[in-house]
Amino acid sequence: MSNKEKIQKIYPLSPMQEGMLLYALLNQDKHKQTYFEQQALRISGIFDVKIYEESINKIIERYDILRTIFVHSNIKRPVQVVLKENKIKIHFEDISHLTEDEKEEFIKVFKEKDIESGFDLSKKVPIRFSVLKI
């Protein structure tokens, strides 16, 4: 499939999106990401990662914004490009064998590395999910 065939629609950026993109590009230092949001939840009970991944992908399929990248290089004005498809794979790690202190340290380092990895807004949709079995 060519890149053109992967595109559903192209839109101009709204003024707010232009501002957000500007700040994202100005603050590419991994520790100063202006619009980076990270959530951590603790869930008790049975949790099926495969069903969770399928559910997230159904939501992504339904909402264009969750399939949108922001192209800004080699063009006069940045645009948002809605992809026809954006399936994600949930990162899963089982750390249940670690001690409580080791788990805390692992989670702290994991979250720091997640921030450091950043997002390339022109290549990937800026969303990802991870599940740690503790």
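User: What percentage of the 134 residues in the protein chain do buried residues make up, and what makes a residue count as buried?

Analyst: In this predicted model, buried residues account for 22% of the 134 residues in the protein chain, where buried means a relative accessible area under 20%. The chain itself holds three helices and five strands, which follow one another in the pattern β-α-α-β-β-β-α-β, and its C-alpha trace spans about 55 × 30 × 25 Å along the principal axes.

User: Why is N86 called buried?

Analyst: N86 has a relative accessible area of 17%, and the limit for buried is under 20%, so N86 is classed as buried. N86 is found in the loop between β3 (79-83) and β4 (91-94), and, leaving aside residues up to four places away in sequence, N86 touches N57, I60, L66, R67 and V125.

User: What makes the approach of the N86 side chain to the backbone oxygen of L66 a polar contact?

Analyst: The side chain of N86 reaches the backbone oxygen of L66 at 3.2 Å, and a polar contact requires a pair of N or O atoms within 3.5 Å, one able to donate a hydrogen and the other to accept it; the distance therefore falls within the cut-off.

User: Where is D48 found, and why is D48 called partly exposed?

Analyst: D48 is found in the loop between α1 (15-26) and α2. Its relative accessible area is 39%, and partly exposed covers the range between the buried limit of 20% and the exposed limit of 50%, so D48 belongs to that class. A polar atom of the D48 side chain also lies 2.9 Å from the backbone nitrogen of K50.

User: Why is the pair of F47 and Y52 called tilted?

Analyst: The structure holds three aromatic pairs. In one of them, F47 and Y52, the ring centres are 5.2 Å apart, and the planes stand at 55°; because planes under 30 degrees apart count as stacked and those over 60 as edge-to-face, the rest being tilted, this pair is tilted. Both residues are partly exposed, F47 with a relative accessible area of 34% and Y52 with 27%.

User: What makes the pair of Y52 and F129 edge-to-face?

Analyst: The ring centres of Y52 and F129 lie 6.0 Å apart, with the planes at 85°; the centres fall within the 6.5 Å limit for a pair and the angle is over 60 degrees, so the pair is edge-to-face. This pair links distant parts of the chain, with Y52 in helix α2 (residues 49-62) and F129 in the loop between α3 (100-117) and β5 (130-133), 77 residues apart. Together, F47, Y52 and F129 form one aromatic cluster.

User: How do you know that β1 and β3 pair?

Analyst: Five bridges join β1 to β3, which run antiparallel, and two strands pair if there are at least two bridges between them, so the criterion is met. One example is P12, whose bridge partner in β3 is V79. The pairing belongs to an open sheet of three strands with the order β1-β3-β2 and antiparallel pairing.

User: What makes β1 and β2 the edge strands?

Analyst: β1 (7-12) and β2 (68-71) each pair on one side only, and they are the edge strands. From one strand to the next, the twist averages 25°.

Terms used
Residues are numbered from 1 along each chain as its sequence is written. This is a predicted model: local features need pLDDT of at least 70, side-chain atom pairs count only at pLDDT 80 or more; totals for chains, interfaces and linings use all residues. Side-chain values use heavy atoms; hydrogens and water are left out. Helices (H or I, at least four residues) and strands (E, at least two) are DSSP runs, numbered from the N terminus. Buried means under 20% relative accessible area, exposed over 50%, partly exposed in between (1.4 Å probe, protein chains only). Contact means heavy atoms within 4.5 Å. Axes are lines fitted to C-alpha atoms, for helices over the stretch in contact, and angles run from 0 to 180 degrees between N-to-C directions.
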